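Biologist: Please choose one charged contact in this model and take me through it slowly, with the cut-off behind each term that you use. I would also like to see how its surroundings compare with other places in the chain.

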Amino acid sequence: MGIFKETLLEFFDRKQHLAGMAVTVLGLLLIYLGISKRLELLDYSLETAANVTIFAIAALQTFVSLMVLLAAISTIFLFTKLSRRGQVEYYLSKPITRGSFFFSKLFSIYFIYAIALTVLSLMVGIELMGLGVITPEQFGYVLGVNLISFGLWMSVVMFVGMLTKSVTYCAVSLATVWVGQLVLNGRESWTAGEQFGSYLLDTVYYILPNTTEMGQMALLLATGEAVSNWLPVMTSIVLLLVLIFTCKSRFHRLDF
């Protein structure tokens, strides 16, 4: 319980909730303006209800994805501290194993930020549901997939942060991997020509977090369409587990 309270105090002390609220207010305004415009077109039969719903779900997905990225960035400072002297010795001096401390800290960070992410996303969801353009079920699909995405990006931050102990390296690595998976998402349209090159690109793509494709899956689920390929979710979950247990192994070997 002490680890959770300490993590919660760190969350409020860094004023991260205020930054999240500011982004959410801006998101509420922009989404409202966009939806209002399409509802006007719907009144004049220049738009269809299905298209308005698709736009609303896409806007929600974009907002929640942005909040996932901001939440992942916010955890950088917590995970770079986890492998530094003077940060965890107090807890390790108590009757608690390193493994118990590691998972308690990990779950505390995930739980606190996931709750914050849910609350902020729910504000946008309530706005869209109030406008009658999405249902609670559709909101649940988008939020659920993005909570998995947050766990994945948090594990990437944890891995780089514990490996380098550097906030700068961690931020640069997160940005590089994020952009990399975005770029590789369009690999099928590249005219590389060589089969080996295609296999190499596919391999790299599925090694990286596939949150862009997971976001597309959230859109399909929310609009009632069938998902034909669950591989991005499976490879992402495998990557998440590999990163978590690799970090746990490293934490056990650290000399405090």
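Modeller: A residue is called buried here when its relative accessible area is under 20%, exposed when it is over 50%, and partly exposed in between (1.4 Å probe, protein chains only). By that rule Lys105 is buried, with a relative accessible area of 5%, and this lysine is where I would like to begin. The model is predicted, so local features need pLDDT of at least 70 and side-chain atom pairs pLDDT 80 or more, whereas totals for chains, interfaces and linings use all residues. Residues are numbered from 1 along each chain as its sequence is written, and side-chain values rest on heavy atoms, without hydrogens or water.

The partner of Lys105 is Glu6: their side chains meet in a salt bridge, with 3.5 Å from N to O (the cut-off is a side-chain nitrogen of Lys or Arg within 4 Å of a carboxyl oxygen of Asp or Glu). Lys105 belongs to helix H6 (residues 98-130) and Glu6 to helix H1 (residues 2-13), so this pair ties together parts of the chain that are 99 residues apart in sequence. Helices are DSSP runs of H or I with at least four residues, strands are runs of E with at least two, and both are numbered from the N terminus. The two ends of the bridge fall into separate accessibility classes, since Lys105 is buried at 5% while Glu6 is partly exposed at 28% relative accessibility. The structure holds one salt bridge, and the link between Lys105 and Glu6 is therefore the one to inspect when you look for this kind of pair.

To place the bridge in the whole chain, it helps to step back. The protein chain has 11 helices and zero strands, and its C-alpha trace spans about 70 × 50 × 30 Å along the principal axes. Of its 256 residues, 43% count as buried. Counting contacts (heavy atoms within 4.5 Å) with a separation of 6 or more, 79% join residues 24 or more positions apart.

Two buried residues elsewhere show what such contacts look like. Val52 sits in helix H3 (residues 49-74) and is buried, with a relative accessibility of 2%. Beyond its neighbours within four places in sequence, Val52 touches Ile35, Arg38, Leu39, Glu47 and Val133. One of these, Arg38, also lies over the face of Phe55, at 3.7 Å from the ring centre; a charge sits over a ring if NZ of Lys or CZ of Arg is within 6 Å of the ring centre and within 35 degrees of the ring normal. In another direction, the C-alpha atoms of Val52 and Val183, which are 131 residues apart along the chain, are separated by 28 Å.

The second example, Ser236, lies in helix H11 (residues 231-253) and is buried as well, at 3% relative accessibility. With its neighbours within four places in sequence left aside, Ser236 is in contact with Leu152, Pro209, Asn210 and Met214.

For contrast, Tyr32 in helix H2 (residues 16-43) is partly exposed, at a relative accessible area of 40%. Glu6 shares that class at 28%, whereas its salt-bridge partner, Lys105, is buried.
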